[in-house]
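Welcome! Let us walk through this structure together, starting with one small detail and then stepping back to take in the rest.

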Amino acid sequence: MAKIVLVDDDPISLRIAEKRLSASGHEVLTASDGKTGLQLVRAEKPQLVLTDLMMPGMHGFSLIQEIRNDSSLSQTQVIVSSGKAYPVDIKKAKELGAAGYLTKPVDPEKLLEVVQSALSASEPDLKVKFWGTRGSIPTPGRATLRYGGNTSCVEVRCGEHIIMLDCGTGAREMGLALSREFKGRPLDIHLFVSHTHWDHIQGFPFFVPAYIPGNRLTIYSLRGADKSLEKIFTGQMDVTYFPVALSDLMAKLNFVEVEGVCSIGKVKVSHIYLNHPGLAIGFRIEMGRKSVVYVTDHEQYCRMLGDNEHNRNQEREVMEFARGADLYIREAQYTDEEYPSKKGWGHSTVSDVLESAHEANVRRLALYHHDPMRDDEAVDRIVAACQEQMTKRGMKFSCLAAADNLEITL
Ligand SMILES: [Zn+2]
Ligand SMILES: [Zn+2]
């Protein structure tokens with residue numbers, strides 16, 4: 001949803017555009033002349049302005065110039081909607097900084113399409129990098145070179161914000177890469193931990209940025225069943241297990257026991273309970289219209305507990321949580337054949353994950369938390385089996401197996 005200002009002295013055009021854009025969830029403000037329009041734009045700082053050219057008070061060309069010359073409006077896109085169709089006018093509007101030009105009468109669907117694509121183009125990228133994609137235990141060695149052997153860790157860059165999902169052993173390399181990139185500049189890292197089983201936290205004591213004074217590390221997860229989140233992390237670094245104590249880390253640590261949605265600038269992170277021994281949660285990261293959903297270590301309710309309405313509803317909540325995700329990172333540790341001997345271990349089957357991703361209408365699925373028993377060829381076979389099931393079922397999203405060091409830009 002974006003804030004949009006419409007500037008047009010023709011009440012009919014104004015009403016049609018307002019109706020269509022509001023119906024698709026945008027906040028729409030209107031002005032019927034150029035001068036009022038400019039005041040409104042300066043006061044509201046919208047993501048997008050749709051303006052007519054021939055208007056009383058101030059014409060559209062001047063309005064575009066005023067907006068482009070105002071540094072506080074650098075994030076505001078301008079689109080022209082005009083009855084003028086001369087190439088010279090279109091060229092001039094674009095030279096002055098208009099991102100698009102529509103000739104009236106404008107079909108409302110076409111208008112929405114142009115507005116959405118201008119809004120997407122103006123949003124910062126959401127970049128995902130996998131640092132650890134193995135489940136349960138690290139699996140170094142020649143058999144896992146392509147997909148990698150580090151345990152759960154994913155970096156999500158939302159513009160300037162650095163979000164980290166879990167800190168299994170992949171966290172070590174992520175920390176080193178950040179140190180190289182920032183070269184001593186202070187880091188502000190937001191670490192979201194799905195749960196505190198070893199394969200999701202074991203890289204934490206080796207995460208270099210936590211040792212550097214001036215860095216900030218905020219750790220978000222649930223409170224434990226019987227102890228605080230901070231106590232759980234303190235316990236992991238108890239002298240019995242590790243030579244450095246949590247209190248010795250020089251970065252500023254802040255523990256957040258999540259309750260509702262967390263906001264990091266314009267980024268929103270929400271969570272959902274998963275079906276896994278102990279407490280575990282999945283995360284949904286949203287920035288503008290882009291979204292990544294991270295659901296790891298979840299056993300399908302119906303598979304484990306029986307196919308009844310209650311369990312179907314619980315599973316539907318997990319599916320809905322992933323609704324429309326641009327990237328769905330999802331643990332899919334077992335095949336249907338393997339599952340009976342692993343029932344109650346807290347993990348999903350590949351075929352259940354495909355069905356859920358299909359129902360949730362995600363754009364892309366990354367199979368994650370590969371079983372430690374699988375070598376690279378075995379992961380390839382899982383992907384091939386997925387393609388087969390997807391073709392048979394007419395599933396349209398793309399599917400890949402996450403691999404250490406794989407980067408995806410959304
Ligand atoms: Zn795990
Ligand atoms: Zn687990």
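Which residue in β18 is the bridge partner of leucine 365? It is cysteine 399. Keep in mind that what you are looking at is a predicted model. The pair just named belongs to a longer run of pairing, since four bridges join strand β17, residues 364-368, to β18, and the two strands run parallel.

Now let your eye move outward from that pair to the sheet around it. Seven strands form an open sheet here, in the order β12-β13-β14-β15-β16-β17-β18, and their pairing is mixed. The edges are taken by β12 (262-264) and β18 (398-401); each has a single partner strand, so one side of each is left without a neighbour in the sheet. From one strand to the next, the twist averages 15 degrees. If strand pairing is new to you, it may help to know that strands of a sheet pair through backbone hydrogen bonds, in either a parallel or an antiparallel way.

Helices pack on this sheet too. One of them is α10, residues 309-321, which touches β13 (267-273), β14 (281-287) and β15 (290-295). The direction of α10 makes about 165 degrees with that of β13. Helix α13, residues 376-393, also packs on the sheet, where it touches β17 and β18, the strands of our opening pair. The direction of α13 makes about 165 degrees with that of β18.

Next, look for another open sheet of seven strands, again with mixed pairing, whose order is β11-β10-β9-β8-β7-β6-β19. Why is one side of β11 and of β19 left without a neighbour in the sheet? Both β11 (252-257) and β19 (407-409) stand at the edges, and each has a single partner strand. Here the twist from one strand to the next averages 20 degrees.

Strand β9 is a good place to pause in this sheet. Five bridges join β9 (residues 188-192) to β10 (residues 216-221), and these strands run parallel. Along that pairing, leucine 191 has isoleucine 219 as its bridge partner in β10, while isoleucine 189 is partnered with leucine 217. Four bridges join β9 to β8, again in parallel, and there leucine 165 finds its bridge partner in phenylalanine 192. Is β9 mostly covered or uncovered? The strand is mostly covered, with four of its five residues buried.

A helix also connects with this part of the story: β8, α6 and β9 make a right-handed β-α-β unit. Helix α6 (residues 170-182) lies across β6 (126-132), β7 (153-158) and β8 (161-165), running at about 130 degrees to β6.

Between β6 and β7 there is a loop, and alanine 143 is found in it. This alanine has 14 C-beta neighbours inside 10 Å, so alanine 143 counts as partly exposed. Leaving aside residues up to four places away in sequence, alanine 143 touches Asp375 and Asp376. Alanine 143 and lysine 110 are 33 residues apart along the chain, and their C-alpha atoms are separated by 51 Å.

What about the interior? In soluble globular proteins, nonpolar side chains tend to be buried together. In this model, the largest nonpolar core has 67 residues, and those with the most contacts inside it are Met164, Val292, Tyr328 and Ile329. Take valine 292 as an example: beyond four places away in sequence, its contacts include Leu126, Val128, Val156, Ile285 and Leu410. A second, separate core has 28 residues, among them Ala17, Val49, Leu53 and Ala99.

Finally, step back to see the whole chain. The domain assignment gives domain 1 (3-122) and domain 2 (126-409), and their C-alpha centres lie 41 Å apart. In terms of secondary structure, the chain comes to 13 helices and 19 strands. Along the principal axes, its C-alpha atoms fill a box of roughly 75 × 55 × 40 Å. Of the 410 residues in the chain, 42% are buried. As for contacts between residues at least 6 apart in sequence, 67% join residues at least 24 apart.

Methods. Residues numbered from 1 in each chain as written. Chains lettered and ligands numbered in written order. Predicted model: local features only at pLDDT ≥ 70, side-chain atom pairs only at ≥ 80, totals over all residues. Domains from an automatic or database assignment. Pairing = 2+ DSSP bridges. Axes fitted to C-alpha atoms, helices over the stretch in contact; angles between N-to-C directions. Contact = placed C-beta atoms within 7 Å. Buried ≥ 20, exposed ≤ 12 C-beta atoms within 10 Å, placed from the backbone. Right-handed = clockwise from strand over helix to strand, strands pointing away. Core = buried A, V, L, I, M, F, W, Y, C linked by C-beta atoms within 7 Å.
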